[in-house]
Amino acid sequence: MFNTLKSQPVDKIMALMQMYREDAREGKIDLGVGVYKNALGVTPVMRAVKAAEKVLWDVEGTKSYTGLAGDPAFGKALSGLVLGDTVDADRLSMAAQPGGTGAIHQAVELIKMANPDATIWLSAPTWPNHPSIIKHLGMAMAEYRYFDNETRAVDFDGMMEDLKGVKAGDAVLLHGCCHNPTGANLNVEQWKEVATLIEAKGATPFIDIAYQGFGDGLEEDAAGVRLVAQMVPETMVAASCSKNFGIYRERTGLLFTVSNDAAQAKVTQQNLTHLNRQNFSFPPDHGARLVTMILEDDGLKADWMAELEEVRTGMLGLRTQLADALRERSGSDRFGFIADHRGMFSRLGASPEQVEKMRVDHGIYMVGDSRMNIAGLNEATIPVLADAIIAAGV
Ligand SMILES: Cc1ncc(COP(=O)(O)O)c(C=O)c1O
């Protein structure tokens with residue numbers, strides 16, 4: 001049977017990680033994989049997570065199954081973190097998922113169940129796992145312009161022009177904040193225009209929020225999702241706790257939907273629960289339980305927020321330092337966009353040849369489309385990267 005299987009395309013980021021590991025050079029710099037690292041190059045376990053784990057070790061009396069949609073307290077806590085109090089609870093349906101990826105997969109399955117003829121609209125560019133999951137599930141997709149490679153900002157006119165092609169029953173995938181891979185984000189006015197257009201088209205927004213708290217702040221980063229949830233009758237949100245709680249390997253995420261009314265929300269809930277049952281039955285619980293404990297406890301929550309804020313402002317500091325170093329070296333402001341971008345990534349706008357040159361000549365690893373993980377930098381490596389960018393002729 002297995003001899004009929006075809007080889008699968010190599011995941012470019014995983015291949016880059018492998019190359020980095022095999023590079024024997026001392027001063028190599030990893031700006032590839034999308035994992036937060038502190039100045040020592042470590043992805044730490046957050047203080048509040050450690051504290052919650054200690055308590056959990058003491059109080060957890062069973063490892064029996066949770067509910068099929070996960071612990072309702074987790075859904076309530078995480079959807080609350082994203083939505084605040086913008087939507088009535090009886091319009092929400094939710095199911096815990098193995099990470100944000102699981103939530104995206106399940107969202108596409110839900111779209112497929114609701115409307116197999118839907119087209120799912122993706123930003124160009126987007127996180128490569130979006131098109132790959134959609135393709136895997138056999139759904140149609142289309143792209144809307146998003147990033148202007150000249151200005152390195154959002155091509156908002158192009159985006160709105162392309163979204164005119166959206167049909168009733170389609171879904172439009174938007175990054176809630178901290179766009180991956182570009183770092184260029186919509187402002188509140190633009191979110192309003194997008195929500196108005198989606199509503200007018202009779203389409204459903206599908207928001208992937210994987211970096212809440214990494215951009216402008218926990219509340220600020222959720223402003224777009226909240227606006228959409230208030231302006232459009234139905235919304236789907238795939239939320240990940242991997243980055244903002246630093247619990248990547250615990251696989252913690254949530255798919256939640258806002259339905260038109262409470263009666264519809266009940267039916268949507270049955271479908272979400274059904275999908276979990278078909279795909280993996282009960283979702284992982286450990287990470288979800290830690291997140292719930294943190295969000296429900298004032299002390300733990302305050303400490304988590306403080307540490308997340310250190311992470312966020314640290315990355316902003318690195319952005320400013322890199323933009324300054326490039327201003328000095330280039331004698332121009334053309335790299336100012338690095339300080340304007342938000343989140344863990346910036347798309348530098350370098351050609352694949354320039355990216356390759358930086359890797360070969362300087363041991364600097366970034367994704368081929370010139371996505372840099374800003375958290376891979378520190379004060380010592382910023383001048384090295386700035387020199388390499390100029391030497392590569394970017
Ligand atoms: C845009 C985006 N969405 C979702 C995810 C999901 O992450 P995870 O499945 O690890 O929670 C990621 C992770 O890199 C991401 O960058």
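**Exercise 1. Which residues are linked with Arg47 in a network of salt bridges?**

Before solving, note the ground rules. This is a predicted model, where local features need pLDDT of at least 70, side-chain atom pairs count only at pLDDT 80 or more, and totals for chains, interfaces and linings use all residues. Residues are numbered from 1 along each chain as its sequence is written, and side-chain values use heavy atoms, with hydrogens and water left out.

*Solution.*
- Step 1: Take the criterion, a side-chain nitrogen of Lys or Arg within 4 Å of a carboxyl oxygen of Asp or Glu. By this rule the count comes to 20 salt bridges.
- Step 2: Arg47 shares its network with Asp303, Glu307 and Glu310.
- Step 3: Look at one pair, aspartate 303 and arginine 47, whose closest N and O atoms are 3.0 Å apart. Aspartate 303 sits in helix H12 (residues 298–330) and arginine 47 in helix H2 (residues 47–59), so this pair links distant parts of the chain, 256 residues apart. Helices here are DSSP runs of H or I with at least four residues, strands are runs of E with at least two, and both are numbered from the N terminus.
- Step 4: Check the accessibility, where buried means under 20% relative accessible area, exposed over 50%, and partly exposed in between (1.4 Å probe, protein chains only). Aspartate 303, at 27%, counts as partly exposed, and arginine 47 does too, at 37%.

**Exercise 2. Is arginine 347 buried or partly exposed, and which residue does it form a salt bridge with?**

*Solution.*
- Step 1: The partner is aspartate 369, with the closest N and O atoms 3.2 Å apart.
- Step 2: Arginine 347 belongs to strand S11 (residues 345–347), while aspartate 369 is in the loop between strand S12 (364–365) and strand S13 (371–373), so the pair ties together parts 22 residues apart in sequence.
- Step 3: With a relative accessible area of 15%, arginine 347 is buried; aspartate 369, with 26%, is partly exposed.

**Exercise 3. Where do arginine 359 and glutamate 356 lie?**

*Solution.*
- Step 1: Both residues lie in helix H14 (residues 352–362), three residues apart, about one turn of the helix.
- Step 2: Their side chains meet in a salt bridge (2.9 Å, N to O).
- Step 3: Arginine 359 counts as buried at 18% relative accessibility, and glutamate 356 as partly exposed at 39%.

**Exercise 4. In what order do the seven strands of the open sheet stand, and which strands are at its edges?**

*Solution.*
- Step 1: Two strands pair if DSSP finds at least two bridges between them.
- Step 2: Reading across the sheet gives S2-S10-S9-S8-S7-S3-S4, with mixed pairing.
- Step 3: The edges are strand S2 (92–97) and strand S4 (140–145); each has a single partner strand, so one side of each is left without a neighbour in the sheet.
- Step 4: Zoom in on strand S3 (residues 119–124), which runs parallel to S4 and is joined to S4 by six bridges. Here serine 123 stands opposite tyrosine 144 in S4.

**Exercise 5. What radius of gyration does the protein chain have?**

*Solution.*
- Step 1: The radius is taken over C-alpha atoms, and the globule rule is 2.2 Å times the number of residues to the power 0.38.
- Step 2: For 394 residues, a compact globule would come near 21 Å; the protein chain has 21 Å, which agrees.
- Step 3: To complete the picture, the chain has 15 helices and 13 strands, and buried residues make up 51% of its 394 residues.
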